[in-house]
Amino acid sequence: MRLFTPQAMREADAKAVGLGYPSLLLMEAAGRAAARAVLERFAGRRVAVLCGKGNNGGDGLAAARHLALAGAEVRVFTALEHAGDALHMRQALRAHGLEAEPLERWQPRPGEVVLDALFGTGLSRGLEGFWAELVGRVNAAACPVVAIDLPSGLPFEPHVRATLTLALAGLKREHLFHPARAACGEVLLAGIGMPARALERPDLPELLTPRAMAALLPGRPGDAHKGSVGRVLVAGGHAAYTGAPVLAALGAHRAGAGLVTVAYPAELRLNLPLESVRHPLESWSAGALAGVRAEAAAVGMGAGPLAHAAAEAVLALRLPTVLDADALRPELVQAYVREGVPAVITPHPGEAARLLGGEAGAVAAEPLEAARALAERFPKVVVVLKGGPTVLAWKAGEGLEFAVNTTGNPAMASGGTGDVLAGVVAALMAAGLPPWDAARLGVYLHGLSGDRRGRVGLLAHELADALPEARAALERGEVRAFWAWGSPPGSARG
Ligand SMILES: NC(=O)C1=CN([C@@H]2O[C@H](COP(=O)(O)OP(=O)(O)OC[C@H]3O[C@@H](n4cnc5c(N)ncnc54)[C@H](OP(=O)(O)O)[C@@H]3O)[C@@H](O)[C@H]2O)[C@@H](O)CC1
Ligand SMILES: Nc1ncnc2c1ncn2[C@@H]1O[C@H](COP(=O)(O)OP(=O)(O)O)[C@@H](O)[C@H]1O
Ligand SMILES: [K+]
């Protein structure tokens, strides 16, 4: 499943028509789905449908007919200059005896639900004049708003602030990335019967779905032993940050590592899990890690000024490695590129800005672009740009792989959750997953744990402790994507 832009969705629409699929069928399905969403969520409420002049308005006109057929009390307000499919929908509405009023006449009524069908993916510029004023009135009305496809006005200001947005045919960037995401409210996806071929776009970012991620889970054979399911080396810690390597170790244990060895400066007192193997060392000199048995490593957590030496000592082991926190320095990542040792980097926007030589705010505003820039700067290194949502990128050869995570929530914005992630990804690499798979699955599981425990006040170690249950739920096919609607868990949509 891919993450679309409005432009890419318009192309898919055109491709479906090119394949001979009648566009009127798509609009009819969109209208029916919107009516169903309103009826399910706001049963018994009166509805005002606000229809614009393009196809989004046509969806609204179709929805109004289905709402009326289902017995809802509907008022329809519409722009007048329809053509093509939208005009057919207006005629169909009239054939059922429903007359639309001009948009200018709409006044909110208490308790009424507003169905926003003003603008969708066709917006070429920000709304002004009458349209901007109308959006302002929608937002000021004390009514729940269901937006068809996109809250009208996005991605520009002003825009409708919706209670629920019904994404048509596929999710678009606005449905996931802030600040637009906040205007969408709850997001549900309606399939609308678009031919799968029309949606094939390997150039667009992959959306991490429960089904695709469950397929990556490493198996645990009956004859597994602690040396066969992945051993992890965690390397980090210095005086001020004794918790970070502990949380990474916990993440690795909870993600299924058979053994976790933690290497740290000997003068530190680490409150490690009883199950971790301690490897205190006098210095991060060459050879300090000799004898450590591991299939993957995570380095940098809490390492402070010692990160350089720690990362170089780990690099000498030539293990697939997660570089996190203080190890996220351009020269260290370059050393992995130069040596051809598989690496995953897990920067938050501040660390990404340090790697790119830019500003954290600019990274956070354009995470897809920032992840792309990092992947191009560090070829073959898997980039995990953390945030809400986390973006992954990887330049394997000529092409660029891109993925966007769909789990996680703001409760995870608390110290130490990133350290847990580093341990999780390392454990999955130690279990044999290639770095790109380990990073995608690790990020997904980490966010899923956060969603299952996701209350403000969540502590990083609690997030780690929730990992086994999250994993088991994913394995049992019980996890639904946030946009899944009326489909059983594990079905194609979820
Ligand atoms: N995905 C799919 O496959 C399917 C998509 N479908 C639906 O189609 C929707 C896209 O429809 P769409 O292309 O007709 O665009 P839409 O958003 O209705 O607006 C276009 C109108 O707005 C106008 N306009 C633009 N900017 C403006 C501004 N600033 N201020 C004022 N006006 C402005 C523009 O006029 P123009 O710029 O040309 O002057 C034009 O008249 C999509 O979101 C989904 O709901 C389904 O029906 C079926 C399958
Ligand atoms: N608003 C949010 N939505 C989803 N995930 C979030 C959000 N804020 C933070 N996270 C997740 O929490 C983790 C925070 O990591 P990081 O910033 O490195 O914290 P720390 O350095 O304290 O461990 C990342 O995995 C990030 O994706
Ligand atoms: K809309």
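## Overall dimensions

A compact globule of 494 residues would have a radius of gyration near 23 Å, and the protein, in this predicted model, has 26 Å, which agrees with that expectation. Along its principal axes the C-alpha trace spans about 85 × 45 × 45 Å, and buried residues make up 52% of the 494 residues. The secondary structure comes to 18 helices and 17 strands.

## Two domains

The domain assignment divides the protein into domain 1, covering residues 6–200, and domain 2, covering residues 210–475. The C-alpha centres of domain 1 and domain 2 lie 42 Å apart.

For residues 9–200, an unreviewed UniProt entry lists the feature "domain: YjeF N-terminal". Over residues 9–200 the chain is 40% helix and 16% strand, and the C-alpha atoms at the two ends of this stretch are 11 Å apart.

## The seven-stranded sheet

Seven strands form an open sheet in the order 3-2-1-4-5-6-7, and their pairing is parallel. The edges of this sheet are strand 3 (101–102) and strand 7 (186–190), each of which pairs on one side only.

Within the sheet, strand 5 (residues 145–148) and strand 6 (residues 164–168) run parallel and are joined by three bridges. Ile148 stands opposite Leu166, a residue of strand 6.

## Strand 15 and its neighbours

Strand 15 (residues 382–385) is covered on both faces, with Val382 and Val384 buried on one side, and Val383 and Leu385 buried on the other. Two of these buried residues also appear in the pairing described next, Val383 as the bridge partner of Ile345 and Leu385 as the residue opposite Val391.

Strand 14 (residues 343–345) runs parallel to strand 15 and is joined to it by two bridges. With strand 16 (residues 391–395), by contrast, strand 15 pairs in the antiparallel sense over three bridges. A hairpin of five residues leads from strand 15 to strand 16.

## The shell around ligand 1

Ligand 1 is surrounded by 29 residues, of which the closest are Gly54, Asn55, Asn56, Gly120 and Gly122. The elements that give two or more residues to this shell are helix 1 (6–18), helix 2 (23–41) and helix 3 (55–69). Helix 3 gives the most, with five residues.

By residue class, the shell around ligand 1 divides into 13 nonpolar, eleven polar and five charged residues, where glycine is counted among the polar residues.

## The shell around ligand 2

Around ligand 2 there are 17 residues, and the closest of them are Gly388, Gly408, Pro410, Ala413 and Gly418. Helix 15 (residues 417–430) supplies the largest share of this shell, namely four residues. The shell around ligand 2 divides into four nonpolar, eleven polar and two charged residues.

Notes. Residues numbered from 1 in each chain as written. Chains lettered and ligands numbered in written order. Predicted model: local features only at pLDDT ≥ 70, side-chain atom pairs only at ≥ 80, totals over all residues. Domains from an automatic or database assignment. Near = placed C-beta within 6 Å. Pairing = 2+ DSSP bridges. Buried ≥ 20, exposed ≤ 12 C-beta atoms within 10 Å, placed from the backbone. UniProt positions renumbered as here; feature names shortened; annotations may be inferred. Rg over C-alpha atoms; globule rule 2.2 N^0.38 Å.
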